[in-house]
Structures are given as C-alpha cells and as structure tokens.
Amino acid sequence: MNNTNTNTLAKVKTGHLYFHHALGRVERIVGVSESGDVLHRHHAESNVSRAEAFRIATRDEVKAYLGK
C-alpha cells in the first residue's frame, strides 16, 4: 500500500459524511476494511468504493444531504 492510500484510508472514519467524487454526492461511511474498501450509503442505497474516492464533505453538502 502506498503512502497516499494509507493517508486517505486513515482519514475515512465510520459514521462520518464524505463527498464521493465519482458519484457527485454525500455518502455516510458504514465500514472501512484494511484493504481500502469502503462500505458507504446514500440514504437507503449502499455501495462499496475505494477510500481514494472520498473527500470530507463541506458544510453546505452535509446540509443538503440532511435536508436542512
């Protein structure tokens, strides 16, 4: 595992909200594996992606996801 992947994986925390680059939306992290696979969901829809696909969601993105 390269250093970039290690740093990204360490930053993705279960239960937190992140923006998924490819999907273009906020996702809640459900689980993170040692291999870098991330189980995430957008309301009732679940998926698995790599940790590199995420960045921390902005305040406005989180508000939109929560419907506020």
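Val30, Leu39 and Val48 together form a nonpolar patch on the surface, with about 240 Å² of accessible area between them. The model is predicted. One member of the patch, leucine 39, sits in strand S3, which spans residues 37-42. Leucine 39 is partly exposed, its relative accessible area being 36%; this value fits the patch, because membership requires over 30% relative accessible area.

The structure also holds 1 aromatic pair. Its partners are tyrosine 18 and phenylalanine 54, arranged edge-to-face, with 6.4 Å from centre to centre and 75° between the planes. The arrangement counts as edge-to-face because the angle is over 60 degrees. Tyrosine 18 belongs to strand S1 (residues 17-20) and phenylalanine 54 to strand S5 (residues 54-56), so the pair ties together parts that are 36 residues apart in sequence. Tyrosine 18 is buried, and phenylalanine 54 is buried as well.

The residues with a stated accessibility are listed here.

| Residue | Relative accessible area | Class |
|---|---|---|
| Tyrosine 18 | 5% | buried |
| Leucine 39 | 36% | partly exposed |
| Phenylalanine 54 | 7% | buried |

For the chain as a whole, the secondary structure consists of 2 helices and 5 strands, in the sequence order α-β-β-β-β-β-α. The protein chain has 68 residues, of which 32% are buried. About 4400 Å² of the protein chain is exposed, and carbon and sulfur atoms supply 53% of that area. Of the contacts between residues at least 6 apart in sequence, 37% join residues at least 24 apart.

Note on methods: Residues numbered from 1 in each chain as written. Predicted model: local features only at pLDDT ≥ 70, side-chain atom pairs only at ≥ 80, totals over all residues. Heavy atoms only, no water. Patch = residues over 30% accessible without salt bridge, like charges linked within 9 Å, V, L, I, M, F, W, Y side chains within 5 Å. Areas by Shrake-Rupley, 256 points an atom, 1.4 Å probe, with all protein chains shown as cover. Salt bridge = Lys/Arg side-chain N within 4 Å of Asp/Glu carboxyl O. Helix = DSSP H or I, 4+ residues; strand = E, 2+ residues; numbered from the N terminus. Buried < 20%, exposed > 50% of the residue type's maximum accessible area, 1.4 Å probe, protein only. Phe/Tyr/Trp six-rings, centres within 6.5 Å; stacked < 30°, edge-to-face > 60°. Contact = heavy atoms within 4.5 Å.
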